[in-house]
Amino acid sequence: MRSPSISRRRHGGGGSFGLGIAAIAYVSVDYIRHISPTWHERLQPALWAALAIAAVIRVPFYQYWSLELRAAVPFILSIIFMLSALLFEMISVRSVTAVLGLDWHNGTPPLPDVGQWLLLALNEKLPQLAVDILRARIIGLHHFLMLFIMLGFSVLFNSVKAPGLGLAARYMFTMGIGRLLRAIAFISTILPSPRPWCASARFQVPTYPHYWAQKYYIPYAKDSNAIRHIIQHDVAYGVTGEYGLDFQPNWGVMNFLADFLRPTVSEGSSAWYHLLKKAGGGCNDLMYSGHMLVAVLTAMAWTEAYGGYTSALIWMLVAHSAQREIRERHHYSVDCIVAIYMGIFLWKMVGLFWPLKDTSRYTQLDRFEKIQSRLVQAAKDSDIDEVRELLKEVELTSQVGQKPKTRVMWLFSGATIFFAIIIVLLAFTLTSDG
């Protein structure tokens, strides 16, 4: 027989419906901005205030701060790793945009995409209401990030299993791996953008290609006989065109980046990292989709930690977001499909060896073995109350002394909540472009 407390924890706790309702309310209220901006300005602050007040009220009653403290170091290391992966990705985004020059971006047609054709065909077959729903901007990147933050905060309400920082660390570590693999993929083969005008509108890079492209790509790009010849002899033989010399900024020890980033005179005089900030999302196709990777990781985290109808709804939103990425030509269909594969695969693979996965399970199993004989005897005696007390004792084994009673624990809990609020604000201000 299962104790009531264990049953509640396994199925989402007393706040099970509350977390799902809060998630749906967040997405719905944010979508109202497209219907009635006036009502959105009223409802969104009220919703945020309600969520923040509810979280702060629950902090003194949270029983798992010692688990959070043990997860703090992996959490910080995961942040550092993810930021390092994002830095490499931003350098790579700028590099693949600049290496062939703006003339290539403007003059190269997009690849044929059967997924885009299918969506255009559905526009002609489906009722207009269905097409309008598919076109609606219901959810974006910052929504998925915020849904995960809400999932992490739900440990305060016993909706998901503690530690919340452990779940966040796994999420960011997995995202860091995904972003790193993504950058390695799209920097290996440069694909033309589904939006040919994008690079000219967003980037300041030379119009002509980099020296490597001039020597190893341009002379053979449009000549099938030249391609056959270079395959047979495996030696570059073409003559490079007459192009100007790239601007060389004075970046000190970071000068080696100039050859990859190819800055112009107007922006090269500023600090080198300013170029990376301006890069944001890329323009040529980046295989696979970073937006979809974030969406899938959020859905996987919800499915594993929470489950229920809300997780099914989030997967529906993932599918809606994927077709919008294709429909609006931010990505090719293959980018979204591979991102879904990679998101599921990486989450499962990291989960196999994640050190913070179910850290309290072994303690509980050890305690269960110690009381096994008493539990069997209570069951034989049909003493249901004794069975419940013993099972509750197993569950509470890892909770002893976890309330923030000491000054250090109170300081840690306050710093954690403050840091989480800062992360929320950064998620809104820095993720508008991916």
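Reader: What covers the buried residues of helix 18?

Author: The cover includes helix 6 (114-125), helix 9 (164-188), helix 16 (290-305) and helix 17 (308-327). Cover is judged by contact, that is, heavy atoms within 4.5 Å. The model is predicted: local features need pLDDT of at least 70, side-chain atom pairs count only at pLDDT 80 or more, and totals for chains, interfaces and linings use all residues. Residues are numbered from 1 along each chain as its sequence is written, and side-chain values use heavy atoms, leaving out hydrogens and water.

Reader: Which residues of helix 18 are buried?

Author: They are Ser333, Asp335, Cys336, Ala339, Met342, Gly343, Leu346, Trp347, Val350 and Gly351. Buried means under 20% relative accessible area, exposed means over 50%, and partly exposed lies in between (1.4 Å probe, protein chains only). Across the protein chain, 45% of the 434 residues count as buried.

Reader: Why is Val334 called partly exposed?

Author: Val334 has a relative accessible area of 42%. That value is neither under 20% nor over 50%, so the label is partly exposed. Val334 belongs to helix 18. Its C-alpha is 7.6 Å from that of Tyr288, although 46 residues separate the two in sequence.

Reader: How long is helix 18 against the span expected at 1.5 Å a residue?

Author: Helix 18 (residues 333-353) has 21 residues and reaches 31 Å from its first C-alpha to its last, close to the expected 30 Å. The expected span is 1.5 Å times one less than the number of residues.

Reader: What makes a stretch count as a helix, and how many does the protein chain have?

Author: Helices (H or I, at least four residues) and strands (E, at least two) are DSSP runs, numbered from the N terminus. By that rule the protein chain has 21 helices and zero strands.

Reader: What makes Ala98 buried?

Author: Its relative accessible area is 0%, which is under 20%, so Ala98 is buried. Ala98 is in helix 4 (residues 65-98). Leaving aside residues up to four places away in sequence, Ala98 touches Val205, Phe260, Leu261 and Arg262. Ala98 and Pro263 are 165 residues apart in sequence, yet their C-alpha atoms are 8.5 Å apart.

Reader: Is Tyr64 buried or exposed?

Author: Tyr64 is at 6% relative accessibility; that is under 20%, so Tyr64 counts as buried. Tyr64 lies in the loop between helix 3 (37-58) and helix 4. The C-alpha atoms of Tyr64 and Ala162 are 6.7 Å apart, with their positions 98 residues apart along the chain.

Reader: Why is Gly282 called partly exposed?

Author: The value for Gly282 is 22%, which is not under 20% and not over 50%, so partly exposed is the right label. Gly282 sits in the loop between helix 15 and helix 16. Gly282 touches Val93 and Arg202, not counting residues up to four places away in sequence.

Reader: What is the peptide bond from Met287 to Tyr288?

Author: That bond is cis, with omega near 15°. Most peptide bonds are trans, and most residues other than glycine have a negative phi. Tyr288 is in the loop between helix 15 (272-279) and helix 16.

Reader: Which value does phi take in Asn158, and which in Asp234?

Author: Phi is near 60° in Asn158, positive in a residue other than glycine. For Asp234 phi is near 55°, again a positive value in a residue other than glycine. Asn158 is in the loop between helix 8 (141-153) and helix 9, while Asp234 is in the loop between helix 12 (224-233) and helix 13 (258-261).

Reader: What makes Asp234 exposed?

Author: Asp234 is at 68% relative accessibility, which is over 50%, so Asp234 counts as exposed. Asn158, at 26%, counts as partly exposed.

Reader: Why does the lining of the second largest cavity have four nonpolar, three polar and one charged residues?

Author: The lining is Trp104, His105, Thr108, Pro192, Ser193, Arg195, Pro196 and Ala199. Ala, Val, Leu, Ile, Met, Phe, Trp, Tyr, Cys and Pro count as nonpolar, Asp, Glu, Lys and Arg as charged, and the others, Gly among them, as polar. Trp104, Pro192, Pro196 and Ala199 are therefore nonpolar, Arg195 is charged, and His105, Thr108 and Ser193 are polar. A cavity is a set of points, on a 1 Å grid over the protein atoms alone, where a 1.4 Å probe fits but cannot get out; lining residues have an atom within 4 Å of a point.

Technical notes. On a 1 Å grid over the protein atoms alone, a cavity is a set of points where a 1.4 Å probe fits but cannot get out, and a pocket is an open set with protein on both sides within 12 Å along at least five of seven lines; lining residues have an atom within 4 Å of a point.
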